[in-house]
Amino acid sequence: MIINTYEEAKNKLLTFSLDEECQSFFEKNNYLLELAYCKIFTGKLEAAENLFALTLNENTRSKWGYKLSGILLNKPVQYPTYFELRNFLEIDLNLLINYQKGEYADEVLSYADSFFSVNPEVYKYIGRVFLKNGVYSYAKFFLERAKNYFYQDPELHVHLAEFAILEGRYESALKAVNACLEILPEYFPAIKLKRKLTKSVL
């Protein structure tokens, strides 16, 4: 399939369908940020780092990407900022998992505690990625860790409820939803989930 537009190429990149045609499109049209991600997903980390470096002053994602590539290269790096972690960690960890770069994902996870010191929601982000990708042992570990440190996050309790449902623990799921509603009584995702759970438990 010939790629004619940026949107087509970007869609292939973000739907884990990267190929030579897609990478060639980014290179020919000077989309350096996107090309840098292509290099990460094809294992060319130094090339990725160099491309991110060329666009550091253009956008915040390049700054994040430069730090990410440094982490993957086992270089000393400046920690990402609160907003970089909030905006990009979850997305890129999901991409690494779906591009079957488990060793890269593990390298990112080795920084989880350090990232948490910058942004206390990091454990939740990581747990949510693994929950959505069906890696339940990792999901449980990080969601429980998030609960220990950031109990007042209502969204976290909904994720814990979703995890309990997957395991068939409906009463535990209902308990997690109720904990959420104690924190934020009008949180609609929890209200909606409680309706479904009440029918299941009964």
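How many of the 11 residues of helix α9 (residues 122–132) are buried? That was my starting point today, in what is a predicted model.

**Entry 1: helix α9**

I went through the helix and found it mostly covered, with 10 of its 11 residues buried. My list of buried ones runs V122, Y123, K124, Y125, I126, G127, R128, V129, F130 and L131. I noticed that charged residues such as K124 and R128 are on that list too.

Next I looked up what does the covering. The buried residues of α9 pack against α6 (82–98), α7 (102–109), α8 (112–118), α10 (136–149) and α11 (154–166).

I also checked what comes after the helix. α9 is followed by G134, and the phi of G134 is positive, near 75 degrees.

**Entry 2: K124 and its partner**

A charged residue under cover made me curious, and I jotted down a reminder: side chains of opposite charge can pair when their charged atoms come close. Which residue does K124 meet in a salt bridge? I found D153, at 2.8 Å from N to O. K124 lies in helix α9 and D153 in the loop between α10 and α11, so this pair ties together parts that are 29 residues apart in sequence.

I looked up the accessibility of both ends. K124 has 3% relative accessibility, so it counts as buried. D153 is buried as well, with a relative accessible area of 8%. Then I followed the partners further: salt bridges that share partners join E90, E121, K124, R128, D153 and E155 into one network.

**Entry 3: other salt bridges**

How many salt bridges does the structure hold? I got 13, and I picked out two more to look at.

One is D92 with R61, where the closest N and O atoms are 2.4 Å apart. D92 sits in helix α6 and R61 in helix α5, so the pair ties together parts that are 31 residues apart in sequence. I noted D92 as buried, because its relative accessible area is 2%.

The other is K75 with E49, with the closest N and O atoms 2.8 Å apart. This pair links distant parts of the chain: K75 is in the loop between α5 (60–72) and α6, while E49 is in helix α4 (residues 45–54), 26 residues away.

Are K75 and E49 buried or partly exposed? I wrote down K75 as partly exposed, because its relative accessibility is 36%. E49 comes out at 9%, so E49 counts as buried. The cut-off I used for buried is under 20%.

Definitions and conventions
Residues numbered from 1 in each chain as written. Predicted model: local features only at pLDDT ≥ 70, side-chain atom pairs only at ≥ 80, totals over all residues. Heavy atoms only, no water. Buried < 20%, exposed > 50% of the residue type's maximum accessible area, 1.4 Å probe, protein only. Helix = DSSP H or I, 4+ residues; strand = E, 2+ residues; numbered from the N terminus. Contact = heavy atoms within 4.5 Å. Salt bridge = Lys/Arg side-chain N within 4 Å of Asp/Glu carboxyl O.
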